[in-house]
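Please open the structure in your viewer and keep the selection panel at hand. This tour proceeds stop by stop, stating at each one what to select and what is there.

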Amino acid sequence: MSGDVAVRVADLMSADVCSVDGRATVAEAMALMRRHSISSLVVDRRDGDDEFGLLVVSDIAAQVIAANRAPERVHVYEVMSKPVLTLPSDMLARYATRLLVRLGLSRAIVVDQGRNLLGMATLRDLVLAEDG
């Protein structure tokens, strides 16, 4: 990310994001993660006033597997993180990187002006991007 080029979050995010309903079981979410070879899922908003959630493999490991709970009997909404950080798609990537680092996060959901889901930005995406 060189100084002269204004690299935005939208330029570096992954638009290929999988989502899940909060009422799905953790077993269903795990199957979706396996099928798409991913480690996190965006949890859909129930309506326009709701916030996005995020389900990460570490949530499942800590709150379901290590707690000896049956993934078929636990719902996503019971173990997801919510609300989660959202980044505007037009934010400069360097500021998004700083924000994620300050908050100790590895990823954030990217939204447009209307708060519609556009993708996900990870520290990996932001840090390892080719210089413009």
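## First stop: a pair of charged side chains

Please begin with D21, which is partly exposed, with a relative accessible area of 32%. Bear in mind throughout that this is a predicted model. Next, add R23 to the selection: R23 forms a salt bridge with D21, and their closest N and O atoms are 3.0 Å apart. R23 itself counts as exposed, at 63% relative accessibility. The cut-off for this class is a value over 50%.

How many salt bridges does a search of the whole structure find? The search finds five, and the next stops visit others.

## Second stop: a network of salt bridges

Select K82 and D50. Their side chains meet in a salt bridge, with a distance of 2.9 Å from N to O. K82 lies in the loop between α4 (76-79) and β4 (86-88), whereas D50 lies in the loop between β2 (40-43) and β3 (53-56), so the pair ties together parts that are 32 residues apart in sequence.

Is D50 buried or exposed? D50 is buried, because its relative accessible area is 8% and buried means under 20%. K82, by contrast, counts as partly exposed at 32% relative accessibility. Now add R46 to the selection: R46, D50 and K82 are linked in a network of salt bridges.

## Third stop: another salt bridge

Select R69 and E78, whose side chains meet in a salt bridge at 3.0 Å, N to O. R69 is partly exposed, with a relative accessible area of 32%. E78 is also partly exposed, its relative accessible area being 35%.

## Fourth stop: β2 and β3

Turn now to the strands. Strands of a sheet pair through backbone hydrogen bonds, either parallel or antiparallel. Select β2 and β3, which pair in the antiparallel sense over four bridges. Within this pairing, V43 stands opposite G53 in β3.

Which residues of β3 point one way, and which the other? G53 and L55 point one way, L54 and V56 point the other way, and all of them are buried. In a regular strand the side chains alternate between the two faces of the sheet.

## Fifth stop: an open sheet of three strands

Select β4, β5 and β6. These three strands form an open sheet in the order β4-β5-β6, with mixed pairing. The edge strands are β4 and β6 (117-122), each of which pairs on one side only. Neighbouring strands of this sheet are turned by 35° against each other on average, direction ignored.

Look more closely at β5 (residues 107-111) and β6: five bridges join these two strands, which run antiparallel. To find one position in the pairing, select I109, which stands opposite M120 in β6.

## Sixth stop: the largest pocket

Rolling a probe the size of a water molecule over the atoms shows where empty space is left. Which residues line the largest pocket? Select S14, D16, V17, C18, H36, I38, S39, S40, R107, M120, T122 and D125 to display the lining. By class, this lining has four nonpolar, five polar and three charged residues. The volume of the largest pocket is about 280 Å³. M120, met at the previous stop opposite I109, is among the lining residues.

## Last stop: helix α5

Finally, select R94, which is found in helix α5 (residues 93-103). R94 is partly exposed, with a relative accessible area of 36%. Add A6 to the selection: R94 and A6 are 88 residues apart in sequence and 9.2 Å apart in space, from C-alpha to C-alpha.

Conventions:
Residues numbered from 1 in each chain as written. Predicted model: local features only at pLDDT ≥ 70, side-chain atom pairs only at ≥ 80, totals over all residues. Heavy atoms only, no water. Salt bridge = Lys/Arg side-chain N within 4 Å of Asp/Glu carboxyl O. Buried < 20%, exposed > 50% of the residue type's maximum accessible area, 1.4 Å probe, protein only. Pairing = 2+ DSSP bridges. Axes fitted to C-alpha atoms, helices over the stretch in contact; angles between N-to-C directions. 1 Å grid on protein atoms, 1.4 Å probe; cavity = no way out; pocket = protein on both sides within 12 Å on 5 of 7 lines; lining within 4 Å. Points joined across faces, edges and corners; volume = space filled by probe spheres on them. Nonpolar A, V, L, I, M, F, W, Y, C, P; charged D, E, K, R; others polar.
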